[in-house]
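Here is a friendly round of questions for anyone meeting this structure for the first time. Each answer sets a value beside the rule that gives it its name.

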Amino acid sequence: MAKLVMIRHGQSEWNAKNLFNGWVDTKLSPVGIEQAKTAGKMLAEAGIDFDQAYTSVLTRAIETLDLTLFEAGQMFIPEEKSWRLNERNYGALQGLNKADAAEKFGADQVLQWRRSYDVLPPLLESAEETVEVEGQTYASYDRRYAEVAAEELPLGENLKVTLERVMPFWNEKISADLKAGKNVVIAAHGNSLRALAKHIEQISDEDILGLEIANAQPIIYDFDGDLNVLSKDILTAE
Ligand SMILES: O=C(O)[C@H](O)COP(=O)(O)O
């Protein structure tokens with residue numbers, strides 16, 4: 001029996017400001033740092049011995065993984081980072097305030113962009129487009145994506161497309177580890193984890209609308225050898 005723990009990163013600086021984050025590389029806020037440490041303490045109490053860690057190439061998830069493993073006393077385990085675990089690319093919404101967007105485009109439209117399975121957000125015009133927030137310029141892509149084929153770099157993703165780019169990583173790495181009986185921890189993002197949860201729990205395209213994943217609350221799955229889910233548990237701070 002293998003365990004998979006999925007952790008959405010702690011509150012990011014842009015979560016705190018209610019901005020669409022996506023692939024823009026923001027850091028954890030002070031609240032997010034504390035949340036990640038608390039997640040690590042809860043996992044230490046749960047007594048899970050991890051064999052392998054995975055995270056995205058975005059700072060907020062990497063920080064979360066490191067703080068969590070530090071608090072759990074397991075920084076020594078192998079870690080691998082992949083762009084395939086990144087947040088969904090929010091396209092031209094990145095950097096906009098979510099409440100302002102709801103006022104401008106309508107709450108229903110914004111809900112579809114944020115939670116539907118197959119509605120695409122407005123797309124970036126090109127890979128060269130930048131995001132400007134509070135006088136700072138953020139590139140859409142930088143050298144961390146140098147190895148990714150140009151046609152694989154998204155200009156905006158819905159959950160379906162996010163799931164399609166997460167799946168090769170699930171099949172090749174994560175599910176292989178779990179089948180080998182390894183306990184795996186993944187620190188990633190609201191929507192890359194919603195995509196994984198959809199696959200793992202076989203949630204329908206309609207029902208996935210209702211699945212929310214909170215910052216830094218570890219989700220623990222127990223699997224049998226065929227990767228059927230035996231149990232699911234979510235750790236929450238008091
Ligand atoms: O990218 C973001 O803005 C968030 O991390 C997730 O956004 P959501 O709550 O709109 O899915």
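Q: Which residues is Arg144 in contact with, leaving aside its neighbours within four places in sequence?
A: In this predicted model, Arg144 is in contact with Asp25, Val57 and Leu58. Contact here means heavy atoms within 4.5 Å. Arg144 itself lies in the loop between strand 5 and helix 6.

Q: Why does Arg144 count as partly exposed?
A: Its relative accessibility is 32%. Buried would need a value under 20% and exposed one over 50%, so Arg144 falls in between and counts as partly exposed.

Q: How far apart are the C-alpha atoms of Arg144 and Lys98?
A: They are separated by 27 Å, with the two residues 46 places apart along the chain. Lys98 belongs to helix 4, where it takes part in the contact with helix 5.

Q: What makes helix 4 and helix 5 oblique to each other?
A: Helix 4 (residues 98-105) and helix 5 (residues 107-115) have axes that cross at roughly 125 degrees and come within 6 Å. Roughly perpendicular covers 65 to 115 degrees, and roughly antiparallel starts over 145. The angle fits neither range, and therefore the pair is called oblique. On the helix 4 side the contact is made by Lys98, Ala101, Ala102 and Phe105, and on the helix 5 side by Ala107, Gln109, Val110, Trp113 and Arg114. By class, these are six nonpolar, one polar and two charged residues.

Q: Why is helix 6 called roughly perpendicular to helix 7?
A: Helix 6 (residues 159-179) and helix 7 (residues 190-201) pack at an angle of about 70 degrees, with their axes 9 Å apart. Angles from 65 to 115 degrees count as roughly perpendicular, so helix 6 earns that description with respect to helix 7. Among the residues that meet here are Leu163, Met167 and Trp170 in helix 6 and Ala195, Leu196 and Ile200 in helix 7. The residues of this contact divide into eight nonpolar, four polar and three charged.

Q: How do you know that the span of helix 2 agrees with its number of residues?
A: Helix 2 (residues 30-46) has 17 residues, and at 1.5 Å a residue it should span 24 Å. The expected span uses one less than the number of residues. The end C-alpha atoms are 25 Å apart, which agrees.

Q: What puts the buried residues of helix 2 on the same side?
A: The buried residues are Gly32, Ala36, Ala39, Gly40, Met42 and Leu43. They cover an arc of only 160 degrees around the axis, so they lie on the same side of helix 2. These residues pack against strand 1 (2-8) and helix 3 (59-71). On the other side of helix 2, Pro30 and Glu45 are exposed. Just after the helix, Gly47 takes a positive phi of about 70 degrees.

Q: Why does Glu134 count as exposed?
A: Its relative accessibility is 64%, and exposed means over 50%, so the name fits. Glu134 lies in the loop between strand 4 (130-133) and strand 5 (136-139). Its phi is near 50 degrees, a positive value in a residue other than glycine.

Q: How do you know whether Gln202 is buried or exposed?
A: Gln202 has a relative accessible area of 71%. Set against the cut-off of over 50%, that makes Gln202 exposed. Gln202 is found in the loop between helix 7 and strand 7 (219-223), and its phi is positive, near 50 degrees.

Key:
Residues are numbered from 1 along each chain as its sequence is written. This is a predicted model: local features need pLDDT of at least 70, side-chain atom pairs count only at pLDDT 80 or more; totals for chains, interfaces and linings use all residues. Side-chain values use heavy atoms; hydrogens and water are left out. Axes are lines fitted to C-alpha atoms, for helices over the stretch in contact, and angles run from 0 to 180 degrees between N-to-C directions. Helices (H or I, at least four residues) and strands (E, at least two) are DSSP runs, numbered from the N terminus. Angles under 35 degrees count as roughly parallel, over 145 as roughly antiparallel, 65 to 115 as roughly perpendicular and the rest as oblique. Ala, Val, Leu, Ile, Met, Phe, Trp, Tyr, Cys and Pro count as nonpolar, Asp, Glu, Lys and Arg as charged, and the others, Gly among them, as polar. Buried means under 20% relative accessible area, exposed over 50%, partly exposed in between (1.4 Å probe, protein chains only). The arc is that of the directions from the helix axis to the C-beta atoms.
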